[in-house]
Amino acid sequence: MTTEELKSLKSNTIVDARGTACPGPLLAAKKGIGEIESGEIMEIYSSDEGTKNDIPKWCSKMTHEFLGIIEEDSYSRLFLKKA
Amino acid sequence: MTIELEKQIQELKNKVDRLEAGTKDQLSMVVFSGDLDKILAALIIATGAAAYDMKVKLFFTFWATAALRDPKKSGKGKNMIEKMFGMMLPKGSRKVTLSKMHMAGMGTAMIKGIMKKHKVASLPEMFKTAGELGIQINICEMSMNLMGFKKEEMIDYPGMTVCGVATFLSDAQESKIQLFI
């Protein structure tokens, strides 16, 4: 998805994992995904660089659809759709 | 010739079925080291695997068992040597030290400061998270006996069990990933 498309998405839940290090964002994602229904959208805030590689990998293993990343000044917003 | 091939294919099919049935989405790990850095690595991998919905079983043995001691508790009925061991070994995960660059405590104190700065969870925090994620901790009974540790002086951890090598082997046998740290 393009940044514009991502910006227009309405997330069902936002998980703020900023300030945590590995495996913090991953564990936050696991917790957050349990709180939404299949087909809903989750957004993860992370200031950890590695998260940008980790979350897409985690999504493909867990069969969630990774939608993309929006870069903010000091963190990234990662979007995914629950399988 | 075709009958022979069919027979071979059938045998292979049976083998694959058996292998598939025997391998769960499970991680089994031997945690042997009593070093801060190595136990941290073990717990990061373990909690990460739990995020992948894998079942995780940790087998704490030898030096690693000291990290499971609760500093507020003590074991009863220890003999002289067991008491000495108890005094010489770290009392809990707050007391374990770096495998390298410990430098009489300076290095370990420094890394703890750096970990805090980078918001890396401490060992006690990681154990708490592991418990919440349902990660199983098994402690090697023989190591407990060697070190003179008693079950009652260990941390409160959900479902923690004292067991032997057979438990590890049966867990490992049905796991996709096995590690030794």
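What span should the 12 residues of helix α3 (residues 51-62) of chain A have at 1.5 Å a residue, and how far apart are its end C-alpha atoms?

**View 1. Helix α3 of chain A along its length, in a predicted model.** At 1.5 Å a residue, helix α3(A), with its 12 residues, should span 16 Å, and because its end C-alpha atoms are 16 Å apart, expectation and model agree. Just after α3(A), the backbone at Thr63(A) adopts a positive phi of about 60°.

**View 2. The buried and exposed sides of α3(A).** Thr51(A), Asp54(A), Ile55(A), Trp58(A) and Cys59(A) are the buried residues of this helix. They cover an arc of only 130° around the axis, so they lie on the same side of α3(A). On the other side of α3(A), the exposed residues are Asn53(A), Lys57(A) and Ser60(A).

**View 3. What covers the buried residues of α3(A).** Within chain A, the covering elements include α2 (24-33) together with the strands β2 (41-46), β3 (65-71) and β4 (76-81). The cover also draws on the other chain, for α2 (36-51) of chain B is included in it.

**View 4. The contact of chain A with chain B.** Chain A brings 12 residues to this contact, while chain B brings 10 residues. On the side of chain A that touches chain B, the elements giving two or more residues are α2 and α3 of chain A, and α2(A) gives the most, with 4 residues. By residue type, this side of chain A divides into 8 nonpolar, 2 polar and 2 charged residues.

Definitions and conventions
Residues numbered from 1 in each chain as written. Chains lettered and ligands numbered in written order. Predicted model: local features only at pLDDT ≥ 70, side-chain atom pairs only at ≥ 80, totals over all residues. Expected span 1.5 Å × (residues − 1). Buried ≥ 20, exposed ≤ 12 C-beta atoms within 10 Å, placed from the backbone. Arc of directions from axis to C-beta. Contact = placed C-beta atoms within 7 Å. Nonpolar A, V, L, I, M, F, W, Y, C, P; charged D, E, K, R; others polar.
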